[in-house]
Each structure stands twice: as C-alpha cells, then as structure tokens.
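Q: Please take a close look at the charged side-chain pairs in this structure, and then set them against the rest of the chain. I would like one connected account, with the residues placed in their elements.

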Amino acid sequence: FGVSVKKNPVIGVLAWPSPLVIVIGSFFSCCGAGLQSLTGAPRLLQAIAHDGIIPFLQVFGHGKTNGEPTWALLLTVGICEIGILIASLDEVAPILSMFFLMCYLFVNLACAVQTLLRTPNWRPRFKFYHWTLSFLGMSLCLSLMFICSWFYALIAILIAGCIYKYIEYRGAVKEWGDGIRGLSLNAARYALIRLEEVQLHTKNWRPQLMVLCKLNDDLEVKHPRLLSFTSQLKAGKGLTIVCSVLEGTYMTRKADANVGEQKMKAAMAAERTKGFSHVIVSSSLRDGFSILIQSAGLGGMKHNTVLMAWPAGWKQARDSLARRNFIETVRETTEAHQALLVAKNIDHFPDNQERLKEGTIDVWWIVHDGGLLMLLPFLLMQHKVWRKSKMRVFTVAQLDDNSIQMKKDLQVFLYHLRLDAEVEVVEMHGSDISAFTYEKTLKMEQRSQMLKEMQLSRTERQRE
C-alpha cells in the first residue's frame, strides 16, 4: 500500500475495474501457493528420504501407516513459521525467489543437456520443443537471480553445490543415472576421435603403461609392489591399464575373472594406482598376453609401454614354461613397436609410504633406445618416494676410445636434455661385450654426430 497513492495498492492503481482485483488475486494466490507447498513439499521431502539420495534426511521418510508424511510435514511447518516470524516480505521474498528460480534453472538445464546429448530415454511429447528454449529459460532464471540479489544468489548457488557434492560422495546410486556422466561420456568420445585423427607428435610422447600382473590361486595380485612402482612412475598421470590372464575357458571361469578384476581394483586403490583393470580368460597365458599387447586400449588411448615382473622359477626346469612365456612376450612387444620394462626383484622395491633419503638411480646406457632410459629416472624422481635420489649414467667404452671426450660429450648431451645426472664411463675389453651390443652402443663418433644434429642454432636457442 503506497502512501503516495492514498494508501491504495500500488499495482491496484493500474487495475481495472477496481483495485480490489489485485487484493483478491493476491489473497487467492497466497492461499493456493501455501496449500500447494504444505501438501506437495512434505511428500517431495519424503520421496527424497525414501530414495536415500541424501542419507541424513532418512528420518523424514517415516510417517503414518496411510502414507501421510508426518515428520516431513512438521519440518515444512517449521520452515514456514520461520518465514512468518521474520515478518518482512522484503527479507523473505529474495530467499524464496532464489530457490524457486534455481529449481526452474535446473529443470531447464536438465532438459537442454538431455537434448544435446541425444539421450535415448529423453523423448519430449511437445513436438515444437527445441533445446534453445530450455537454454533461454535457464539463462533468464540465472539473470533474475543476480538481478534480485547477487548476495542471496551466491549463497543459493553455494548451498546447491554443497548438496550436489554431498549426494555425489555419500548419496545412493539410483537407476535414473546422472547427466554429468552423460556429458563425460560425450567429452571422452570426442577426445578419443580427435586423438585418432591427429598423428601423435614426439613432444607429446609419454609412457602409456600396460602392466601385466599375475594372480595367485586366491585371485589376489601376486606382486602388489608392481602397482606401487606403476603409480610412482606415472605420478597419477597418463594412461595405465593393469591386466591379467586366467587359464581356461570364459564360460567356466567368467566368475573368477570378475572376482579377479574386483580384487585387482582393490589392490590398485590400496597402492594408489589410478587406471583401468582388465582380466581376460585364455587357453594359455602366452596367448592371453599376446591378445592384450595387441588389443588393450581404445583408439588413440593405447599403451606404448609394457611393464612386467621378471619371471620366477625360470632356472629350475630345463624347458621352463615361465621362461618361454617371458621370451614370447618380449618378442611380441618388440614386434608391436612398444617399449618393454622388466622389474627384477619387484617385491623389494619401495612402496608408496617409504621415503628414500639418499641413494642413486643408475642408468646403464649400453643400447641407445631413443631416450626412454633417461626419461624413466626423471619420472621416478618426480614422485615423493624417489625425490631425494640422484641419477647416474654409465656408458661403456672400448680401450681405444677417448673416454674423457666421451664423458664430456655425454654431459653435453644430458645438458641439452635438461637432465641433472652424473656421468661415468666404464672401460671394458672387446671380449667383454658381445658384437651385437657393441654395434648398438653409441661410440664417440656416433655421439658427436647425434649432438650436432640435436644442437640448436643460436637464434633457435635464444627463442627457446
């Protein structure tokens, strides 16, 4: 009621035929909204409590035998009484408006997202519906929230965000799914297709590990330290696929494969190894490992490095199966143009709780492999377990080689790679090195040539 318009309703001045139209309309509107909230809100709260979406609200799921939501009704009345006791529409209106607008905002957002994702179970009956309508509605709701009161709008968004995160971590998993998961699937699909279209550049290369694990008779991971080493090597980044093979047929060992995969996931969680687990059933271990090397991964997200433990008991039998499987795995990895990492005495490697206060990571650079041997210690030293270790690089020289010059060249090479490491040159007789190994070893001349190829011009160096 405005003083300047002789205490008539302000909007009533514009009403036809009488200002009472506004009074009567406001009265019925308030009654209708109040009754709707008093009957609808408790049942909505009861339904949320029954579904177990928000665990601490479960007490409001109880009610009378006829289904009346007693506790939810009492809470609703209490909230309404707080609004009445405030006794100021100017204070209550922004609070109510925020949550109503947020409700409509999320309904519009859900409709737009479902349409954009082309979810099969989203089939609106309104034939002229378009996602831009929902997007426009969402934008209007968000704009009105901040136009009404930016302070209350931020508080409402913060409360909604807290509720969402609480439901995500503590709430029940329900059958209706999650729109955010749909967005993630769409984004992953798009990223995989993009990776497939563009050839991987050398600068973007990183070890994408496939870890070949063995499961014991209880379907537990035989070498859990292999998973620890994986997490230390990856520091939680990049692709990691942990695989294992069970001998037999899939029809008879399907349950074992599922149990093995669950136990593998538990072991990965215990060792803080982030990645994917996969257990397959094959007629033989050799065939199973071969299948995994060929087919693990998807599109551009495929492994380029295989990590496995050194075979146990390979010396005992003359025709050891472990030895033959290991050799075949080495051959097939080479054939697939993938790097192979073999961890010997893996059970003695440090776990993620240990902190090495000193020590060295030694690289015996006998065969030039393109730089992977230099990269591995660097990646390990990024992890807190190995952070205080130092790197040493050993290389082998013939007696007739210039060892001093070779050492200087290698130090320059490491400097250009931006690696901090000590360099040691070991002189050996020709008979101590096999012909194959020596041919592959970078001699002084080859190293010098490589350094010349790697060195940048002065302008390129300044630009970098």
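A: In this predicted model, glutamate 328 and arginine 286 form a salt bridge in which the closest N and O atoms are 3.1 Å apart. Glutamate 328 belongs to helix H10 (residues 321-335) and arginine 286 to helix H9 (residues 285-295), so the salt bridge ties together parts that lie 42 residues apart in sequence. The pair does not stand alone, since salt bridges with shared partners join Arg286, Asp287, Glu328, Arg331 and Glu332 into one network. Within that network, arginine 286 also forms a salt bridge with aspartate 287, and here the closest N and O atoms are 3.4 Å apart. As for solvent, arginine 286 has a relative accessible area of 33% and is therefore partly exposed, while aspartate 287 counts as partly exposed because its relative accessibility is 31%.

A search of the whole structure finds nine salt bridges. Another of these pairs is formed by the side chains of glutamate 220 and lysine 263, with an N to O distance of 3.5 Å. This pair links distant parts of the chain, 43 residues apart: glutamate 220 is in the loop between strand E1 (209-212) and helix H7 (224-234), and lysine 263 is in helix H8 (residues 250-270). Glutamate 220 is partly exposed, given its relative accessible area of 36%, and lysine 263 is likewise classed as partly exposed, with a value of 28%.

A buried position offers a useful point of reference. Leucine 246 lies in strand E2 (residues 240-247) and counts as buried because its relative accessibility is 6%, where the cut-off for burial is under 20%. Leaving aside neighbours within four places in sequence, the contacts of leucine 246 are with Leu215, Leu219, Arg253, Asp256, Ala257, Val279, Ile280, Val281 and Ser282. For one of these partners, alanine 257, the C-alpha atom is separated from that of leucine 246 by 7.2 Å, and the two residues are 11 residues apart along the chain.

The surface also carries charge outside the salt bridges. Arg272, Arg355, Lys384 and Arg387 form a positive surface patch, and residues with a salt bridge are left out of such patches by definition. Of these residues, arginine 387 is found in the loop between helix H11 (372-381) and strand E7 (390-398), and arginine 387 counts as exposed because its relative accessibility is 51%, the cut-off for exposed being over 50%.

A patch of another kind is nonpolar, has an area of about 960 Å², and is made by Ile95, Phe99, Leu142, Phe146, Trp150, Phe151, Leu154, Ile155, Ile157, Ile159 and Ile163. Helix H3 (89-116), helix H4 (131-148) and helix H5 (150-170) are the elements that give two or more residues to this nonpolar patch, and H5 gives the most, with seven residues. One member, isoleucine 157, lies in helix H5 and is partly exposed, with a relative accessible area of 35%.

Helix H5 also holds arginine 170, which is exposed, with a relative accessible area of 54%. Arginine 170 and phenylalanine 56 are 114 residues apart along the chain, and their C-alpha atoms are separated by 9.8 Å. Phenylalanine 56 is placed in the loop between helix H1 (20-51) and helix H2 (70-86), and phenylalanine 56 counts as exposed because its relative accessibility is 56%.

The totals for the chain give the setting for these details. The protein chain has 15 helices and eight strands, and buried residues make up 31% of its 464 residues. Among contacts in the chain with a separation of 6 or more, 70% come from residues 24 or more positions apart; the pairing of glutamate 328 with arginine 286, which joins parts 42 residues apart in sequence, and that of glutamate 220 with lysine 263, which are 43 residues apart, can be read beside that figure. The accessible surface of the protein chain comes to about 31000 Å², and 61% of this belongs to carbon and sulfur atoms.

How values were computed. Residues numbered from 1 in each chain as written. Predicted model: local features only at pLDDT ≥ 70, side-chain atom pairs only at ≥ 80, totals over all residues. Heavy atoms only, no water. Helix = DSSP H or I, 4+ residues; strand = E, 2+ residues; numbered from the N terminus. Buried < 20%, exposed > 50% of the residue type's maximum accessible area, 1.4 Å probe, protein only. Contact = heavy atoms within 4.5 Å. Patch = residues over 30% accessible without salt bridge, like charges linked within 9 Å, V, L, I, M, F, W, Y side chains within 5 Å. Areas by Shrake-Rupley, 256 points an atom, 1.4 Å probe, with all protein chains shown as cover. Salt bridge = Lys/Arg side-chain N within 4 Å of Asp/Glu carboxyl O. Lys, Arg positive; Asp, Glu negative; His and termini not counted. Charge placed at Lys NZ, Arg CZ, Asp CG, Glu CD.
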